[in-house]
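Please find below a colleague's note on the structure shown here. The points concern helix packing and nonpolar cores.

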Amino acid sequence: MVKNKIKIKGQEFIVSKPTTCPYCDKGIDAIIVKKFTYRFYDMENIVVTYKCSCCEQIFFSKYQVNPMAIYYENELYPFETIGGHKVKHDFSNEIKEISPSFVSIYNDAYIAEQSGCTEIVGIGYRRSFEFLIKDYAIKYHQEDETTIKNMSLAKCVEKYAPNEATKELLLRATWIGNDFAHYETKHEEINLNDLKNLIDLSVDAIEKNIKIKNYIANIEHK
């Protein structure tokens, strides 16, 4: 491992940097982007954010600060590296075309979930859902683009949902998504899997509606 000296909270440490990128698997001299400390029970930990010098992907390494480290020149070795090849959720061409931001944000949350960051992924899924709904509304109501961007998600669903049944579904996805974004939870019996299921059902409903619109627009009676 390549060693690098860092300074954090007024104290210097020598950290051993990973020499292989968990994404591209190439040997690298990882670039330090950021570092911070956090306390887990009685143990102080340091997290260093690295950027691959080849593929430029970001990954993280965790180091435990041994109280005796000062006697060993404060040299630290990573006990966990987070990042690498994560599975992405695939979407239809209709969804990719109407809201590439939804696909990108959803997969950011999906990768975070696979990395074990379960406390923060709910708000990521909720954010992706808002992009999907508003991009869909703007696609078919371009004259209202500014209004749509400034509307609350619930009001956007109320006004621009393709039909009544879909509106009821999208509203419920909105309510559950809000629970993951706010301090208080109004639906305590609902969990992250329920939110993902609601988003999946919403995606299916919107995709179906887009296909219907496309066939109606592209096939003429002869």
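The note first gives the basis of the model and then takes the helix contact and the cores in turn.

1. The model is predicted, with local features requiring pLDDT of at least 70 and side-chain atom pairs counting only at pLDDT 80 or more, while totals for chains, interfaces and linings use all residues. Residues are numbered from 1 along each chain as its sequence is written, and side-chain values use heavy atoms, without hydrogens or water.

2. Helix 2 (residues 100-114) packs against helix 7 (residues 192-218) at an angle of about 155°, the axes lying 14 Å apart. Helix 2 is therefore roughly antiparallel to helix 7 (an angle over 145 degrees, on a scale from 0 to 180 degrees between N-to-C directions).

3. In this contact (heavy atoms within 4.5 Å), F102, Y106, Y110 and E113 of helix 2 meet L192, K196, I199, D200 and V203 of helix 7. Six of the contact residues are nonpolar, none is polar and three are charged.

4. The largest nonpolar core (buried nonpolar residues joined through side-chain atoms within 4.5 Å) has 34 residues, of which I95, F102, Y125, I133, I199 and I206 touch the most other members. Buried here means under 20% relative accessible area, with a 1.4 Å probe and protein chains only. Helix 3 (121-140) is among the helices that supply at least two residues each, and its eight residues form the largest share of this core.

5. Leaving aside residues up to four places away in sequence, I199 touches F102, Y106, Y125 and F129. A second, separate core of 15 residues includes I6, C21, A30 and Y50.

Note on methods: Helices (H or I, at least four residues) and strands (E, at least two) are DSSP runs, numbered from the N terminus. Angles under 35 degrees count as roughly parallel, over 145 as roughly antiparallel, 65 to 115 as roughly perpendicular and the rest as oblique. Ala, Val, Leu, Ile, Met, Phe, Trp, Tyr, Cys and Pro count as nonpolar, Asp, Glu, Lys and Arg as charged, and the others, Gly among them, as polar. Buried means under 20% relative accessible area, exposed over 50%, partly exposed in between (1.4 Å probe, protein chains only).
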